[in-house]
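Please read the following report alongside the sequence and the structure. It moves from a pocket and its lining to the sheets, the backbone geometry and the confidence of the model.

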Amino acid sequence: MNPLPVSLPFTDRAEAGRRLAERVRPLAVADPLVLALPRGGVPVGAELARLLGIPLDVLIVRKIGVPGHPELGVGALAEDGRICYDDRALARLRLTRADLADTVEAERAELARRVEVYRRGRAPVDPRGRDVVVVDDGIATGGTARAALRMVRRREPARLLLAVPVAAQAALDALAEEADRVVALTVPDNFHAVGEWYRDFTQLTDSEVTALLDAVADRAAAPAHARAVRIRSGDVDLEAELATVPGARGTVVLALGREREDPARRAVAAALGRAGYTTLLLDLLTPEEDAARRGAGPGGAAEPPAAVPARRLEAAVGWLLRSTDSAGRRVGLFGAGAGVPAALAAAAARPADIAAVALHGGRPDLAAEALPGVRAPVLALVQGGDSFVRELVEWSLARVGGPHRTRTVPGAEELLDTEAGRRTVGEAAVAWFERHL
């Protein structure tokens, strides 16, 4: 933890969140999530989430105060029902946990009320496998922060960060083992109370908290700017959809047989968009070729040789690098169906332009000749119950010239008919491109 000299006091919590965002940006990379402690942590977390373009949720924790002196905390109650007591403080005050029974019940009731008000029936966002940033407007003793961090840790995040604008050094020392990383903008020697470090420390109402949560959710739900494009390759025009996001972190081409409207493929594209990537959903086959592939083509129609989709994908990558903001940047490829061998062949043909490849379904062995030339890292998502497909994938990846990984997605094909399954595949693709793109 390296405090940064800051001109104090902060104007308000929103300004503190803006300053905090730049310190957190390089640390939260694996499908990051902001969890803010209401009420005061929410405006800080809302600004941080807005600037980083990541989701925001609340993490509801209630301080357990000494009876008759509620400002003196001796524990905290987390949203999952667990209580984190400060037994040293209890011993010093000659109190037992039983002495706090009425206070605990009152705080349980208030916590339940806030859950109802802030979540309105929504389940909390699942932090499992994600970089989670726990945010508050400041830390005096660390009791509520400790309970919050422990609750998140029990839900198995990839990495757990605590981010606050101002904190007491003793509290940060006590919390050092609770988080993987602590970020504090300032740790003043003369710290007495969090509110002293803000010009405007007005207490928020429930309605103000819910309004901030709704505003962040509305921004997250806003679609990326998408437009239909046509890309010339040889004597055909390929149909595609380009979805751009402001300040994109990179570009991923979703190379598909002819599956742009498939909800599963759109879910992957949406996950990439939420993570800050521009996406190009590309149909590698014409309608007639797709009909032939399905065995329903008109007389004379024929499915193109495997090399043709690969050349078309190469043409699309070239178009991206010439005609969009992706110029000068390497791109990622997500291959599905006929796009699987095409993605591998294109990666071998354009090693300077392709940074990473993710595959789902399809036949990677159809790109056998190109496999030794693939230098980009390759992830293959394989249905757990299909041993034949897994053997084809393992045979193929053993021949690629770069790093590779096979990940089993149990029942992947069936799972893609469910929201949870689509999310699983989307999150796997995002994590792969976060790591390599």
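## Lining of the second largest pocket

Sorted by class, the residues lining the second largest pocket comprise 20 that are nonpolar, 12 that are polar and 12 that are charged. This is a predicted model, and the pocket in question has a computed volume of about 1100 Å³. Its lining consists of 44 residues, of which K63, D136, A140, T141 and T144 are the closest to the centre of the pocket.

Several elements take part in this lining, and at least two residues each come from strand 3 (61-66), strand 4 (69-78), strand 5 (83-85), helix 3 (87-92), helix 4 (101-119), helix 5 (143-154) and helix 6 (169-175). The most is given by strand 4, which supplies 6 residues to the lining of the second largest pocket.

## Hairpins formed by strands 3, 4 and 5

The three strands named in the lining are also linked to one another by pairing. Strand 3 and strand 4 are antiparallel and share 6 bridges, with I64 having G75 in strand 4 as its bridge partner. These two strands make a hairpin in which 2 residues lie between them, and G68 in the turn has a positive phi of about 90°.

Strand 4 is in turn joined to strand 5 by 3 bridges, again in the antiparallel sense, and here the bridge partner of L77 is I83 in strand 5. A hairpin is formed by this pair as well, with 4 residues between strand 4 and strand 5, and G81 in its turn has a positive phi of about 95°.

## The parallel sheet

An open sheet of 5 strands follows the order 2-1-6-7-8, and its pairing is parallel. Strand 2 (56-58) and strand 8 (181-186) are at the edges and have a single partner strand each, so one side of each is left without a neighbour in the sheet. From one strand to the next, the twist of this sheet averages 25°.

Within the sheet, strand 1 (residues 33-36) and strand 6 (residues 131-135) run parallel and are joined by 4 bridges, and L35 has V134 in strand 6 as its bridge partner. Helix 1 (residues 13-24) lies across strand 6, strand 7 and strand 8, and its direction is at about 135° to that of strand 8.

## The mixed sheet

A further open sheet contains 8 strands in the order 9-10-12-11-13-14-15-16, with mixed pairing. Its edge strands are strand 9 (225-233) and strand 16 (404-409), each of which pairs on one side only, and the twist from one strand to the next averages 20°. Strand 10 (residues 236-244) and strand 12 (residues 277-283) run antiparallel and are connected by 4 bridges, with L242 standing opposite L280 in strand 12.

Two helices can be placed against this sheet. Helix 10 (residues 307-323) lies across strand 9, strand 10, strand 11 (250-256), strand 12, strand 13 (331-336) and strand 14 (354-360), and it runs at about 125° to strand 9. Helix 12 (residues 387-397) lies across strand 15 (378-383) and strand 16, running at about 170° to strand 16.

## Backbone geometry in two loops

Most residues other than glycine have a negative phi, and most peptide bonds are trans. Against that background, two places in the model deserve a careful look. P38 and R39 are joined by a cis peptide bond, for which omega is about 5°, and R39 is located in the loop between strand 1 and helix 2 (41-52).

R94, a residue other than glycine, has a positive phi near 60°, and this residue is found in the loop between helix 3 and helix 4.

## Confidence of the model

Averaged over the protein chain, the pLDDT is 86, and 89% of the residues reach 70 or more. Confidence is highest in strand 7 (residues 159-166), at a mean of 96, and lowest in helix 13 (residues 412-415), where the mean is 44.

Two stretches call for caution in reading the coordinates. Over residues 297-301 the pLDDT is below 50, and this stretch has 4 contacts in the model beyond near neighbours in sequence. Residues 412-417 likewise have a pLDDT under 50, and for them the model has 17 contacts beyond four places in sequence.

Key: Residues are numbered from 1 along each chain as its sequence is written. This is a predicted model: local features need pLDDT of at least 70, side-chain atom pairs count only at pLDDT 80 or more; totals for chains, interfaces and linings use all residues. Side-chain values use heavy atoms; hydrogens and water are left out. Two strands pair if DSSP finds at least two bridges between them. Axes are lines fitted to C-alpha atoms, for helices over the stretch in contact, and angles run from 0 to 180 degrees between N-to-C directions. Contact means heavy atoms within 4.5 Å. pLDDT is the predictor's confidence in each residue, from 0 to 100. On a 1 Å grid over the protein atoms alone, a cavity is a set of points where a 1.4 Å probe fits but cannot get out, and a pocket is an open set with protein on both sides within 12 Å along at least five of seven lines; lining residues have an atom within 4 Å of a point. Grid points are joined across faces, edges and corners, and a volume is the space filled by probe spheres set on the points. Ala, Val, Leu, Ile, Met, Phe, Trp, Tyr, Cys and Pro count as nonpolar, Asp, Glu, Lys and Arg as charged, and the others, Gly among them, as polar.
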